[in-house]
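Visitor: Please take a close look at one part of this model for me, the place where the two chains meet. I would like the residues by name, and enough of the surroundings to place them.

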Amino acid sequence: MRNTGQAADTTSFENLRLELRRGCLVLAVLGALRVEHYGYTLRKELTEWGIAIDEGTLYPLLRRLESQGLLLSEWREEERRNKRFYRLSPEGVTTLDALAGEWRALTASLGRILQE
Amino acid sequence: MDLVDRYLQQVQRYLPAKDQDDIINELKDDILSEVADQEAHLGRPVTEAEMVNLLKHRGHPFLLAQRYRPKQYLLIGPGMLPFYWQTLKASLALAFLVIVIVTAVSAVQGAPPHELWNLLSGFFNVALYIFAWVTGLFAVLDIVQGRLNLQQGWDPRKLPALARRSQPAPRGLEAFTELVSTGVFTIWWLAVPHYPWVMLGPAANVIMFTPAWHQLYWWITAPLIISFLMQVVALVHPQWQWVGRSRRFVAAALTVGGLLLLLGAGDLVMATGNMPIEAHALAMINRLVTACLSLSALGVSVQAAWEGYRMVRGKIGGSTGRSPAGSETPGS
């Protein structure tokens, strides 16, 4: 019974952790795309920054952000392969600034709450 | 790179048609970039076992493709949607045709106008039922399809071989649509001996099938059941490509045999005795049945020959190493 309880706790924590991360991923991707990247290098860079993201999450997210007008993409040949390069659109730049402001305010508030 | 292409081929099966090439090209580049990174790190080419691990880490093709599904499809995913529309339109068209024919027959028999209107307006009720059943059925299939594929075990080495461009392997969704169509048709056919009106319509009061028809009934039923079973096998074991390639040919060839038996059986309908019918009218109906069967036998023979040719060509051709996304990169 105890093992079952521990497993349930682990699953529950994992779900909460994923939920917490999910909201941050958009901001992380938009922030990283101030510099042009193709999918794989973007994934690597995010991992190096400590935000590991699998391709099954990243590519659908990139498509969604592009359809929302926040990203621009372009197919180009590099290293003898066609790659799709992404960068922030002008609207994406504005949105990123606004979201970054929200983020800073939120982390400041959370910082105060968690210190108490 | 055969494993990568086979993996992507499976992912492609579950993607919305309009985005397939775009998504597959991007995924392919991502996988190849990761492989190149690993090879640079190891100082040697990756082994098959390492490639298998890399693909396993990316997840089952069905699950990966699911991530690309737009959220607005609540009941039926975009991969299944074209087949859903196709089945819905075909079913509605067939129902409309049957109702028009029944109305026309009733008009010839002198039915009053309000009865004809009742028959025609009955289409809206039938259409509602068809919509509900087809939608429900495809919603269930959409869920079952994923589970069925996942239950087959996930090992990249067991992924189906690459399909040739001119001889595609049976796609899961097509196989499902065929299975549904054959299943519905088989149920209908099995109901005919007990409820002749499902085939004869209002004419079932006047005519019925002859003993010769009843004797040959199971010779016609057997190809249907065999065809249905082969479709089930093709769906559950897509890697058994010979079943997928031969199922249409076997079904068509057996159907031709059944139709020829019927053609040689003489008259297939006779008077019920419940209502009077003139002998020359009965003879005309039998001639009409024979003409329809002859035309069907001719059409199905051509289909059997074509399917046989495709089957043989598929066997001789084997599989090629083409990229599932093709050589062109969209958007470039």
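Guide: What follows starts with the two chains, goes on to the contacts between them, and ends with a loop in chain A. The model is predicted.

Chain A has 116 residues, and 32% of them count as buried. Its secondary structure consists of four helices and three strands, in the order α-β-α-α-β-β-α from the N terminus. Its accessible surface is about 7600 Å², with 56% supplied by carbon and sulfur atoms. Of the contacts in chain A between residues at least 6 apart in sequence, 44% join residues at least 24 apart.

Chain B has 332 residues, of which 43% count as buried. It has 11 helices and two strands, and along the sequence these follow the pattern α-α-α-α-α-α-α-α-β-α-α-β-α. Chain B exposes about 18100 Å², and carbon and sulfur atoms account for 67% of that area. Among its contacts with a separation of 6 or more, 78% are between residues 24 or more positions apart.

Now to the place where a helix of one chain packs on a helix of the other. Helix 2 of chain A (residues 39-48) and helix 2 of chain B (residues 20-42) cross at roughly 60°, and their axes come within 8 Å. The two helices are therefore oblique to each other. From chain A, the residues in this contact are A:Gly39, A:Tyr40, A:Arg43 and A:Lys44. From chain B, they are B:Asp30, B:Ser33, B:Glu34 and B:Asp37. By class, the contact holds five charged residues, two polar and one nonpolar.

A further link between the chains involves A:Arg63, which sits in helix 3 of chain A (residues 55-67). Is A:Arg63 buried or exposed? Its relative accessibility is 18%, so A:Arg63 counts as buried; the cut-off for buried is under 20%. Leaving out residues up to four places away in sequence, A:Arg63 touches A:Arg84 in its own chain. In chain B, A:Arg63 touches B:Asp19, B:Asp22, B:Ile23, B:Glu26 and B:Tyr68.

B:Glu26 also appears among the contacts of A:Tyr86. A:Tyr86 belongs to strand 3 of chain A (residues 81-88), and with a relative accessible area of 0% it is buried. Apart from neighbours within four places in sequence, A:Tyr86 is in contact with A:Leu33, A:Val35, A:Glu36, A:His37, A:Leu62, A:Glu66, A:Leu71, A:Leu72 and A:Ser73, as well as B:Glu26. One of these partners, A:Leu62, is 24 residues from A:Tyr86 in sequence, with a C-alpha to C-alpha distance of 8.3 Å.

On the chain B side, B:Leu64 lies in helix 4 of chain B (residues 61-66). B:Leu64 is buried, at a relative accessible area of 4%. Not counting residues up to four places away in sequence, B:Leu64 touches A:Gly56 of the other chain, together with B:Tyr7, B:Val11, B:Leu27 and B:Arg58. B:Leu64 and B:Leu15 are 49 residues apart in sequence, while their C-alpha atoms are 9.5 Å apart in space.

Two of the residues touched by B:Leu64, B:Tyr7 and B:Arg58, also take part in a helix pair within chain B. Helix 1 of chain B (residues 2-13) packs on helix 3 of chain B (residues 48-58) at an angle of about 20°, with 10 Å between the axes. Helix 1 of chain B and helix 3 of chain B are therefore roughly parallel, and their crossing is right-handed. In this pair, B:Leu3, B:Val4 and B:Tyr7 of helix 1 of chain B meet B:Glu48, B:Met51, B:Val52, B:Leu55 and B:Arg58 of helix 3 of chain B. The residues of this contact are six nonpolar and two charged, with no polar ones.

Last comes the loop in chain A. Between strand 2 of chain A (71-78) and strand 3 of chain A lies A:Glu79, and A:Arg80 is placed in the loop between these strands as well. A:Glu79 is not a glycine, yet has a positive phi of about 50°. A:Arg80, again not a glycine, has a positive phi of about 60°. A:Glu79 counts as exposed at 56% relative accessibility, and A:Arg80 is exposed with a relative accessible area of 79%.

Conventions. Residues numbered from 1 in each chain as written. Chains lettered and ligands numbered in written order. Predicted model: local features only at pLDDT ≥ 70, side-chain atom pairs only at ≥ 80, totals over all residues. Heavy atoms only, no water. Buried < 20%, exposed > 50% of the residue type's maximum accessible area, 1.4 Å probe, protein only. Contact = heavy atoms within 4.5 Å. Areas by Shrake-Rupley, 256 points an atom, 1.4 Å probe, with all protein chains shown as cover. Axes fitted to C-alpha atoms, helices over the stretch in contact; angles between N-to-C directions. Parallel < 35°, antiparallel > 145°, perpendicular 65-115°, else oblique. Left-handed = near helix turned anticlockwise from the far one by under 90°. Nonpolar A, V, L, I, M, F, W, Y, C, P; charged D, E, K, R; others polar.
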